[in-house]
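Colleague: Could you walk me through one part of this model up close, and then show me how it sits in the rest of the chain? Take your time and keep it informal.

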Amino acid sequence: MPNPQSQAPLTGVRVVELGSMYAAPTAGRMLRDFGADVIKIEDPVHGDFARQWQPAHEGLAIGFSRLNSGKRSVGLDMRQQEGRTVARQLISKADVVIENFRPGRMEAWGLGYAELATDNPKIVMTRVSGFGQTGPYSERPGFGTVAETASGYAFLNGWPDTPPTAPPFGFADSIAGISAAFGTSMALFRREMTGQGSEVDVALYEPLMFILGDAVLNYTSTGTIMQRHGNASGAASPRGIYQAADGTWLSIAASNQSIALRLFEAMGRPELKDDERFATNTARMANNDAMQQIVIDWVGSHPRSQALEILDKYEVVAAAVNDSKDVTEDPHFSERTLVELANTVLGPALMPGPILHMKDYAGPTYDGVPSVGQHTREILVDELGLTSEDVDALASNGVVNAS
C-alpha cells in the first residue's frame, strides 16, 4: 500500500514564509497541509508575535500552535543586511515566498518580486497586506479588525439595536490566508504551463468583501443599504437560531421553498402552506415576525435532541449550536475533521485539520510546534550550503538564532 503522504498534491514544493500573526501563516499552513515544505522565517529573539498571543497554555500560544505545527523555523533578523542576504538565498531555492509586510518594505530591502525573479524566474511571490499592493490605501497598515470594518462586515453583523460587531477571532485574516493559498496554487499551476513565476496580491479585506458582495450590488442597483438583521438573513424566511425547551440552541435554515414547506409539516402546521402570509418566501419575508414567532414557539416546546430528530426526519436543514465541547464530542467531526496535535505542552489536544479532503491523500500529521530557530542550522548548512562556522558567525552577530 502506498504511503498516503506520498500522494500529497504539493509534495516537492518549497515555501519560504516571511509571515507573522495569522493571515500569511494561515496560507503557509494551507500549503503545508497538502504536502509543501514550509520554512518559516521569524525574528531570532522573539519569533512570530503570535507566539505571545492569548490564550496560551504553559507558555505556548494556542493560535500559533494551530497554524505553525509542521513548519520548520529559521530565526533570522531581516533588519540586518546579512539576514536579508540569507533570506534571498533561501528564496532563490524555493518555489513560493509568502510575505505580509507593509507594501514597499520588501522592495526597500531589495527583496521585491523583480529582484527575486532575477534570481529565480519560477518564484511565486504571494503578498498579503491590509489594503493590497496598489490603490490609495496601499501604504496603510492593516489587521483583521480593520478589514472586518472596512469591508462592510461589521456594519452588517449584529442586531438592529446593537452596535456594529467584529468577530472574536481572526475572521478576515483566516479568509485572506485561505485565499492566498488558493492564489498561490493557481500561480503554481500556471507555472507548470508557462515555466514562469508570478506575483499574487491579497488584501485582507477583499475576500471578506467578496462574501458580502450582495450588499454592494444591492446598493448600486437599488440604492438600498442593507442593515443588521441579527440571526435572520434578510433574504429568506424562516431562518435563524432558536432556543429549545432545555435551554440549548439550534439553527434552522428554510432557505428555499421546499424546505420551508417541509418545516411546516415537521411542526405539525401543514395549513401554513396555504396561508397567504406564509405561502411564498416573499410573503414570509413580509410577515417575518409572525413567521419567526411560530418557529420560536415550536422549537421552544421541545428539547433540542427531540426537535432535531423531528427536523431530520422531515429533511429540514438544521443543526445544534455547538460549543467547543460539543464539537470535540461529535462522532462526525471526530471521524472527518478533528486531528491530534501531538508532542506539545498542550497535552493530547485536538484541532481542525485541513479545510478540504482529496482522494488518495490521507492528510498530514501535526507533530510538535517548532521553537524559534529550531531548524536554522539544519537548513542553512544542509540545504543552503553554509558551513557550521558560517552559521556560528551569523549567530554571534545576532543575525540568526541557531540554538
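Which residue is the bridge partner of Lys40 in S5?

Modeller: That one is Ser73. Before going further, keep in mind that this is a predicted model.

Let's start with the strand pair you're asking about. S2 covers residues 37–42, and S5 covers residues 72–76. The two run parallel and are joined by four bridges. S2 is mostly covered, with five of its six residues buried.

Next door to Ser73 is a residue worth a long look, Arg72, which also belongs to S5. Buried or exposed, for Arg72? It counts as buried, because its relative accessibility is 13% and the cut-off for buried is under 20%. Its side chain has two acidic partners to look at. One is Asp37, whose side chain is joined to that of Arg72 by a polar contact of 2.8 Å. The other is Glu378, where the side-chain to side-chain polar contact is 2.7 Å. If you set aside the neighbours within four places in sequence, the contacts of Arg72 include Asp37, Val38, Ile39 and Lys40. From elsewhere in the chain, Arg72 also touches Arg14, along with His375, Glu378, Ile379 and Glu383.

Arg14 leads us to the other partner of S2. Strand S1, residues 14–18, pairs with S2 in the parallel sense, over four bridges. Within that pairing, Arg14 stands opposite Asp37. Asp37 therefore turns up twice in this corner: it is across from Arg14, and its side chain makes the polar contact with Arg72. To get from S1 to S2, the chain goes through helix H1, residues 23–33, and this β-α-β crossover is right-handed.

H1 itself is worth a pause. Since 11 of its 11 residues are buried, H1 is largely enclosed by the rest of the structure. That list of buried residues isn't just greasy side chains: among them are Thr26, Arg29, Arg32 and Asp33, next to the likes of Met30 and Leu31. After H1 comes Gly35, with a positive phi near 110°.

Leu31 also takes us into the packing. The largest nonpolar core has 34 residues, and Leu31 is among those with the most contacts inside it, as are Leu10, Val13, Val15, Ala36, Val96 and Ile98. H1 is one of the elements that give two or more residues to this core, and the others are strands S6 (96–99), S7 (124–129) and S8 (198–203) with helices H8 (171–194) and H9 (205–211). The largest share, seven residues, comes from H8. For a sense of how one member is surrounded, take Val96: leaving aside its neighbours within four places in sequence, it is in contact with Val13, Arg14, Val15 and Val16, with Ile123, Val124 and Thr126, and with Thr184 and Leu188. Apart from this core lies another, of 30 residues, including Ile41, Met78, Met106 and Leu380.

For a contrast with H1, look at helix H10, residues 213–222. It is hardly covered, with one buried residue among its 10. Just after H10, Gly223 has a positive phi, about 80°.

Further along the chain there's a separate piece of sheet to look at. It is open, has three strands in the order S13-S12-S14, and its pairing is mixed. The edge strands are S13 (349–352) and S14 (366–367), each pairing on one side only. S12, residues 338–342, runs antiparallel to S13, with four bridges between them. Along that pairing Glu340 stands opposite Leu350, and Val339 stands opposite Met351. The hairpin of S12 and S13 has six residues between the strands, and there Asn343 takes a positive phi near 60°. On the S14 side the strands run parallel, joined to S12 by two bridges, and Ala342 stands opposite Asp367. Four of the five residues of S12 are buried, so this strand is largely enclosed by the rest of the structure.

Now zoom out. The protein has 18 helices and 15 strands, and 44% of its 403 residues count as buried. The C-alpha trace spans about 85 × 50 × 40 Å along its principal axes. Of the contacts between residues at least 6 apart in sequence, 70% join residues at least 24 apart. The exposed area comes to about 20300 Å², with 54% of it supplied by carbon and sulfur atoms.

Notes. Residues numbered from 1 in each chain as written. Heavy atoms only, no water. Buried < 20%, exposed > 50% of the residue type's maximum accessible area, 1.4 Å probe, protein only. Polar contact = N/O pair within 3.5 Å; in protein donor to acceptor, adjacent residues only side chain to side chain. Contact = heavy atoms within 4.5 Å. Pairing = 2+ DSSP bridges. Right-handed = clockwise from strand over helix to strand, strands pointing away. Core = buried A, V, L, I, M, F, W, Y, C linked by side-chain atoms within 4.5 Å. Areas by Shrake-Rupley, 256 points an atom, 1.4 Å probe, with all protein chains shown as cover.
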